[in-house]
Amino acid sequence: MKKTIAMLLLLSLLGLGACSAPKEGEEDTLTLVATTYPVYLFTTAVTQGAEGVEVKLLVNQQTSCLHDYTLTVGDMKAIEGADVIVMNGAGLEDFLSDALAGSQAAVIDCSAGVEMLEESGHEGHDHDTTWDPHIWMDPERAAQMTENLAEGLAAADEANAALYRENGTTTAEQLRACAEECRAMVERSEVTWSLITFHNGFGYFADAFGLTILKAIEEEEGAEASAQEIREIVALIGEYDLPAIFTEVNGSDSTAQAIARETGCGVAQLDMIMSGDGSGIQPYLDAMTQNVQTLVDALGEGKV
(Lines give C-alpha, C1' and ligand atoms only; values in the text may rest on other atoms or scores of the structure.)
Protein backbone atom coordinates (compact mmCIF):
# COMPACT_ATOMS: atom_id res chain seq x y z
CA MET A 1 0.00 0.00 0.00
CA LYS A 2 1.24 3.47 -0.83
CA LYS A 3 0.22 6.91 0.30
CA THR A 4 1.01 10.36 -1.01
CA ILE A 5 1.82 12.81 1.77
CA ALA A 6 0.46 16.07 0.41
CA MET A 7 0.60 19.56 1.95
CA LEU A 8 3.61 18.78 4.16
CA LEU A 9 5.88 21.01 2.13
CA LEU A 10 3.47 23.92 2.50
CA LEU A 11 3.30 23.37 6.24
CA SER A 12 7.06 23.05 6.55
CA LEU A 13 7.56 26.37 4.75
CA LEU A 14 5.35 28.40 7.09
CA GLY A 15 7.47 30.89 8.96
CA LEU A 16 10.56 30.41 6.78
CA GLY A 17 10.74 34.11 5.93
CA ALA A 18 12.00 34.97 9.39
CA CYS A 19 14.97 32.64 9.23
CA SER A 20 16.99 34.49 6.62
CA ALA A 21 18.16 37.08 9.12
CA PRO A 22 21.37 36.16 10.98
CA LYS A 23 21.34 35.70 14.73
CA GLU A 24 22.42 38.74 16.75
CA GLY A 25 26.17 39.02 16.99
CA GLU A 26 26.81 36.62 14.13
CA GLU A 27 28.08 37.34 10.65
CA ASP A 28 25.58 37.51 7.82
CA THR A 29 25.67 33.75 7.21
CA LEU A 30 22.71 31.45 6.65
CA THR A 31 23.50 28.25 8.53
CA LEU A 32 21.84 25.09 7.22
CA VAL A 33 22.00 21.86 9.22
CA ALA A 34 21.27 18.69 7.25
CA THR A 35 20.26 15.80 9.48
CA THR A 36 21.70 12.90 7.46
CA TYR A 37 24.42 12.33 4.88
CA PRO A 38 22.01 11.88 1.93
CA VAL A 39 20.22 15.10 2.84
CA TYR A 40 23.60 16.79 3.25
CA LEU A 41 24.56 15.74 -0.28
CA PHE A 42 21.28 17.10 -1.67
CA THR A 43 21.69 20.34 0.28
CA THR A 44 25.28 20.97 -0.80
CA ALA A 45 24.26 20.33 -4.40
CA VAL A 46 21.34 22.76 -4.25
CA THR A 47 23.37 25.48 -2.48
CA GLN A 48 26.43 25.23 -4.73
CA GLY A 49 27.62 28.72 -5.61
CA ALA A 50 25.42 30.48 -3.02
CA GLU A 51 27.26 33.17 -1.09
CA GLY A 52 26.79 33.56 2.65
CA VAL A 53 25.52 29.99 3.09
CA GLU A 54 27.10 27.32 5.31
CA VAL A 55 25.92 23.69 5.26
CA LYS A 56 26.64 21.41 8.22
CA LEU A 57 26.00 17.68 8.64
CA LEU A 58 24.32 16.73 11.92
CA VAL A 59 24.79 12.94 12.14
CA ASN A 60 28.37 12.52 11.03
CA GLN A 61 29.29 8.93 11.81
CA GLN A 62 29.21 5.48 10.25
CA THR A 63 25.72 4.13 10.77
CA SER A 64 23.18 2.17 8.77
CA CYS A 65 20.11 3.79 10.34
CA LEU A 66 18.98 6.25 13.01
CA HIS A 67 16.22 4.41 14.86
CA ASP A 68 18.16 4.43 18.15
CA TYR A 69 20.29 7.52 17.62
CA THR A 70 20.87 9.78 20.63
CA LEU A 71 21.74 13.44 20.19
CA THR A 72 25.17 14.50 21.45
CA VAL A 73 26.11 17.80 23.05
CA GLY A 74 27.66 18.79 19.73
CA ASP A 75 24.41 17.95 17.93
CA MET A 76 22.45 20.16 20.31
CA LYS A 77 24.84 23.05 19.71
CA ALA A 78 24.52 22.60 15.95
CA ILE A 79 20.73 22.66 16.18
CA GLU A 80 20.85 25.74 18.39
CA GLY A 81 23.03 27.54 15.84
CA ALA A 82 20.96 26.56 12.80
CA ASP A 83 18.84 28.98 10.79
CA VAL A 84 17.34 26.12 8.77
CA ILE A 85 17.22 22.40 9.54
CA VAL A 86 16.87 20.17 6.48
CA MET A 87 15.26 16.82 7.28
CA ASN A 88 14.67 13.59 5.39
CA GLY A 89 11.26 13.41 7.03
CA ALA A 90 8.84 10.46 6.95
CA GLY A 91 9.63 9.73 10.60
CA LEU A 92 13.35 9.06 10.14
CA GLU A 93 14.36 11.82 12.56
CA ASP A 94 12.05 10.98 15.46
CA PHE A 95 15.05 11.49 17.74
CA LEU A 96 14.88 15.23 16.95
CA SER A 97 11.35 15.82 18.22
CA ASP A 98 12.23 17.34 21.60
CA ALA A 99 15.16 19.36 20.23
CA LEU A 100 13.05 20.85 17.46
CA ALA A 101 10.32 21.81 19.90
CA GLY A 102 12.73 24.25 21.52
CA SER A 103 14.42 25.44 18.34
CA GLN A 104 13.76 28.67 16.47
CA ALA A 105 15.17 27.25 13.24
CA ALA A 106 12.90 26.74 10.26
CA VAL A 107 12.47 23.14 9.12
CA ILE A 108 12.38 21.84 5.57
CA ASP A 109 10.83 18.37 5.30
CA CYS A 110 12.20 16.82 2.10
CA SER A 111 9.61 14.02 2.15
CA ALA A 112 6.71 16.35 1.38
CA GLY A 113 4.52 14.89 -1.36
CA VAL A 114 6.79 11.88 -1.91
CA GLU A 115 4.91 8.63 -2.53
CA MET A 116 5.51 6.41 0.48
CA LEU A 117 5.69 2.68 0.98
CA GLU A 118 4.27 1.15 4.11
CA GLU A 119 6.79 0.09 6.73
CA SER A 120 7.77 -3.41 5.67
CA GLY A 121 7.43 -5.14 9.02
CA HIS A 122 10.55 -7.21 8.31
CA GLU A 123 12.39 -8.63 11.27
CA GLY A 124 14.54 -6.21 13.22
CA HIS A 125 14.01 -2.58 14.11
CA ASP A 126 10.97 -0.60 13.12
CA HIS A 127 10.74 3.17 12.96
CA ASP A 128 7.88 4.66 14.94
CA THR A 129 5.92 5.39 11.79
CA THR A 130 3.47 3.74 9.41
CA TRP A 131 5.64 4.60 6.44
CA ASP A 132 9.06 3.39 5.39
CA PRO A 133 11.34 6.46 5.78
CA HIS A 134 14.23 5.29 3.53
CA ILE A 135 12.93 7.30 0.58
CA TRP A 136 16.36 8.50 -0.61
CA MET A 137 17.17 4.95 -1.75
CA ASP A 138 15.11 5.55 -4.91
CA PRO A 139 16.79 8.15 -7.17
CA GLU A 140 13.39 9.22 -8.55
CA ARG A 141 12.12 9.96 -5.07
CA ALA A 142 15.46 11.58 -4.24
CA ALA A 143 14.87 13.92 -7.19
CA GLN A 144 11.56 14.99 -5.68
CA MET A 145 13.24 15.48 -2.31
CA THR A 146 15.75 17.77 -4.00
CA GLU A 147 13.01 19.79 -5.67
CA ASN A 148 11.26 20.17 -2.31
CA LEU A 149 14.54 21.30 -0.79
CA ALA A 150 15.14 23.89 -3.49
CA GLU A 151 11.70 25.42 -2.96
CA GLY A 152 12.17 25.46 0.80
CA LEU A 153 15.52 27.19 0.52
CA ALA A 154 14.15 29.68 -2.00
CA ALA A 155 11.54 30.69 0.57
CA ALA A 156 14.17 30.89 3.33
CA ASP A 157 16.70 32.92 1.35
CA GLU A 158 15.08 35.01 -1.35
CA ALA A 159 18.40 36.55 -2.41
CA ASN A 160 19.57 33.14 -3.68
CA ALA A 161 16.16 31.79 -4.69
CA ALA A 162 16.86 31.65 -8.43
CA LEU A 163 20.16 29.84 -7.85
CA TYR A 164 18.54 27.27 -5.55
CA ARG A 165 15.83 26.52 -8.07
CA GLU A 166 18.32 26.24 -10.92
CA ASN A 167 20.57 23.93 -8.91
CA GLY A 168 17.58 21.93 -7.74
CA THR A 169 16.40 21.38 -11.31
CA THR A 170 19.88 20.35 -12.45
CA THR A 171 20.36 17.97 -9.52
CA ALA A 172 16.93 16.41 -9.98
CA GLU A 173 17.74 15.81 -13.66
CA GLN A 174 20.98 14.07 -12.65
CA LEU A 175 19.11 11.88 -10.19
CA ARG A 176 16.49 10.88 -12.73
CA ALA A 177 19.21 10.12 -15.27
CA CYS A 178 20.86 7.91 -12.63
CA ALA A 179 17.58 6.05 -12.18
CA GLU A 180 17.33 5.43 -15.91
CA GLU A 181 20.92 4.24 -16.11
CA CYS A 182 20.42 1.85 -13.19
CA ARG A 183 17.19 0.47 -14.67
CA ALA A 184 19.03 -0.14 -17.93
CA MET A 185 21.74 -2.06 -16.05
CA VAL A 186 19.08 -4.25 -14.47
CA GLU A 187 17.25 -4.84 -17.76
CA ARG A 188 20.46 -5.83 -19.57
CA SER A 189 21.37 -8.43 -16.95
CA GLU A 190 19.86 -11.88 -17.24
CA VAL A 191 19.77 -12.72 -13.55
CA THR A 192 17.09 -13.56 -11.00
CA TRP A 193 16.38 -10.35 -9.14
CA SER A 194 15.44 -11.92 -5.81
CA LEU A 195 17.24 -10.60 -2.75
CA ILE A 196 17.85 -11.53 0.86
CA THR A 197 19.14 -8.49 2.75
CA PHE A 198 20.49 -8.03 6.25
CA HIS A 199 18.99 -4.57 6.49
CA ASN A 200 15.34 -3.61 6.09
CA GLY A 201 16.00 -0.27 4.38
CA PHE A 202 16.13 -1.41 0.76
CA GLY A 203 12.39 -1.35 0.03
CA TYR A 204 12.50 1.81 -2.11
CA PHE A 205 15.65 0.60 -3.85
CA ALA A 206 13.85 -2.60 -4.80
CA ASP A 207 10.72 -0.69 -5.82
CA ALA A 208 12.77 1.62 -8.06
CA PHE A 209 14.38 -1.17 -10.07
CA GLY A 210 11.83 -3.98 -10.05
CA LEU A 211 13.59 -6.17 -7.50
CA THR A 212 12.00 -8.66 -5.11
CA ILE A 213 13.11 -8.81 -1.48
CA LEU A 214 12.41 -12.33 -0.27
CA LYS A 215 13.46 -11.61 3.30
CA ALA A 216 15.06 -8.74 5.18
CA ILE A 217 16.55 -9.06 8.64
CA GLU A 218 17.98 -6.21 10.69
CA GLU A 219 20.96 -7.37 12.71
CA GLU A 220 22.42 -5.42 15.58
CA GLU A 221 24.98 -6.20 18.23
CA GLY A 222 23.37 -8.53 20.72
CA ALA A 223 20.34 -9.10 18.48
CA GLU A 224 21.45 -11.55 15.82
CA ALA A 225 19.06 -13.56 13.68
CA SER A 226 17.23 -16.37 15.42
CA ALA A 227 17.71 -20.03 14.57
CA GLN A 228 14.28 -20.03 12.91
CA GLU A 229 15.19 -17.03 10.75
CA ILE A 230 18.45 -18.69 9.72
CA ARG A 231 16.59 -21.84 8.70
CA GLU A 232 14.18 -19.76 6.62
CA ILE A 233 17.04 -17.99 4.87
CA VAL A 234 18.86 -21.24 4.13
CA ALA A 235 15.64 -22.68 2.69
CA LEU A 236 15.08 -19.61 0.49
CA ILE A 237 18.63 -19.76 -0.82
CA GLY A 238 18.00 -23.35 -1.88
CA GLU A 239 14.53 -22.72 -3.27
CA TYR A 240 15.58 -19.76 -5.43
CA ASP A 241 19.12 -21.00 -6.08
CA LEU A 242 20.51 -17.67 -4.89
CA PRO A 243 24.20 -17.13 -5.61
CA ALA A 244 24.54 -14.34 -3.02
CA ILE A 245 22.96 -12.59 -0.04
CA PHE A 246 23.45 -8.93 0.89
CA THR A 247 24.58 -7.03 3.96
CA GLU A 248 24.83 -3.26 4.49
CA VAL A 249 28.28 -1.65 4.57
CA ASN A 250 27.82 -0.29 8.11
CA GLY A 251 25.86 -3.28 9.43
CA SER A 252 26.70 -6.66 10.90
CA ASP A 253 27.60 -9.54 8.58
CA SER A 254 28.23 -12.30 11.14
CA THR A 255 25.08 -14.28 10.41
CA ALA A 256 25.37 -13.75 6.65
CA GLN A 257 28.91 -15.12 6.68
CA ALA A 258 27.81 -18.15 8.71
CA ILE A 259 24.99 -18.84 6.24
CA ALA A 260 27.42 -18.44 3.35
CA ARG A 261 29.71 -21.07 4.85
CA GLU A 262 26.78 -23.45 5.23
CA THR A 263 25.22 -22.92 1.79
CA GLY A 264 28.15 -21.90 -0.38
CA CYS A 265 26.51 -18.66 -1.49
CA GLY A 266 28.40 -15.39 -1.66
CA VAL A 267 28.03 -12.32 0.55
CA ALA A 268 28.05 -8.84 -1.00
CA GLN A 269 27.63 -5.39 0.52
CA LEU A 270 25.08 -2.75 -0.43
CA ASP A 271 25.32 0.87 0.67
CA MET A 272 22.50 2.81 2.37
CA ILE A 273 24.56 5.98 1.76
CA MET A 274 24.19 6.97 5.41
CA SER A 275 27.86 7.91 5.67
CA GLY A 276 30.64 8.76 3.29
CA ASP A 277 33.08 11.35 2.04
CA GLY A 278 32.51 14.36 -0.13
CA SER A 279 29.69 16.76 -0.89
CA GLY A 280 27.44 17.56 -3.83
CA ILE A 281 25.39 14.97 -5.68
CA GLN A 282 28.22 12.89 -7.17
CA PRO A 283 28.87 10.67 -4.10
CA TYR A 284 25.17 9.71 -4.13
CA LEU A 285 25.20 8.94 -7.86
CA ASP A 286 28.35 6.85 -7.51
CA ALA A 287 26.99 4.88 -4.54
CA MET A 288 23.66 4.16 -6.21
CA THR A 289 25.29 3.00 -9.44
CA GLN A 290 27.72 0.85 -7.47
CA ASN A 291 24.83 -0.77 -5.59
CA VAL A 292 23.25 -1.89 -8.86
CA GLN A 293 26.60 -3.07 -10.21
CA THR A 294 27.09 -5.06 -7.00
CA LEU A 295 23.77 -6.80 -7.59
CA VAL A 296 24.63 -7.55 -11.21
CA ASP A 297 28.01 -9.01 -10.26
CA ALA A 298 26.84 -10.97 -7.22
CA LEU A 299 23.62 -12.39 -8.63
CA GLY A 300 25.13 -13.04 -12.01
CA GLU A 301 28.21 -14.83 -10.80
CA GLY A 302 27.87 -15.32 -7.06
CA LYS A 303 31.13 -13.47 -6.49
CA VAL A 304 32.00 -10.78 -3.98
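**Exercise 1. Find which residue of β5 is the bridge partner of I85, then place the pair in its sheet.**

*Solution.* Start with the pair itself: I85 has V107 as its bridge partner in β5. Strands here are DSSP runs of E with at least two residues, helices are runs of H or I with at least four residues, and both are numbered from the N terminus. This is a predicted model, in which local features need pLDDT of at least 70, side-chain atom pairs count only at pLDDT 80 or more, and totals for chains, interfaces and linings use all residues. Residues are numbered from 1 along each chain as its sequence is written, and side-chain values use heavy atoms, with hydrogens and water left out.

Next, widen the view to the strands. β4 (residues 84-87) and β5 run parallel and are joined by 4 bridges; two strands pair if DSSP finds at least two bridges between them. The open sheet has 4 strands, in the order β3-β2-β4-β5, with parallel pairing. Its edge strands, β3 (53-57) and β5 (106-109), each pair on one side only. On average, neighbouring strands of this sheet are turned by 25° against each other, direction ignored.

**Exercise 2. Determine which strands helix α2 touches, and how many of its residues are buried.**

*Solution.* First, the packing: α2 (residues 37-46) lies on the sheet and touches β2 (30-34), β3 and β4. Contact means heavy atoms within 4.5 Å. The direction of α2 makes about 165° with that of β3; axes are lines fitted to C-alpha atoms, for helices over the stretch in contact, and angles run from 0 to 180 degrees between N-to-C directions.

Then, the burial: 10 of the 10 residues of α2 are buried. Buried means under 20% relative accessible area, exposed over 50%, and partly exposed in between, using a 1.4 Å probe and protein chains only. Among the buried residues of α2 are L41, F42, A45 and V46.

**Exercise 3. Is G168 buried or exposed, and what does G168 contact?**

*Solution.* Begin with its place, which is helix α6 (residues 161-188). G168 counts as buried because its relative accessibility is 1%. Leaving aside neighbours within four places in sequence, G168 is in contact with V46, T146 and A150. V46 takes us back to α2, as one of its buried residues. Another residue of that helix, A45, has its C-alpha atom 7.6 Å from that of G168, although 123 residues separate the two along the chain.

**Exercise 4. Work out which residues have the most contacts inside the largest nonpolar core, and which helix gives the largest share of this core.**

*Solution.* The largest core has 79 residues, and W136 and Y284 have the most contacts inside it. A nonpolar core is a set of buried Ala, Val, Leu, Ile, Met, Phe, Trp, Tyr and Cys residues joined through side-chain atoms within 4.5 Å. Helix α10 (residues 282-301) provides the largest share, 9 residues.

Now follow Y284 outwards: not counting residues up to four places away in sequence, the residues that Y284 touches include L41, F42, W136 and M137. A second, separate core of 14 residues includes I196, I233, L236 and I237.

**Exercise 5. Decide why N291 counts as buried, then list its contacts.**

*Solution.* N291 sits in helix α10. N291 counts as buried because its relative accessibility is 2%. Setting aside neighbours within four places in sequence, its contacts are M137, F205, L270 and D271. M137 is also one of the residues touched by Y284.
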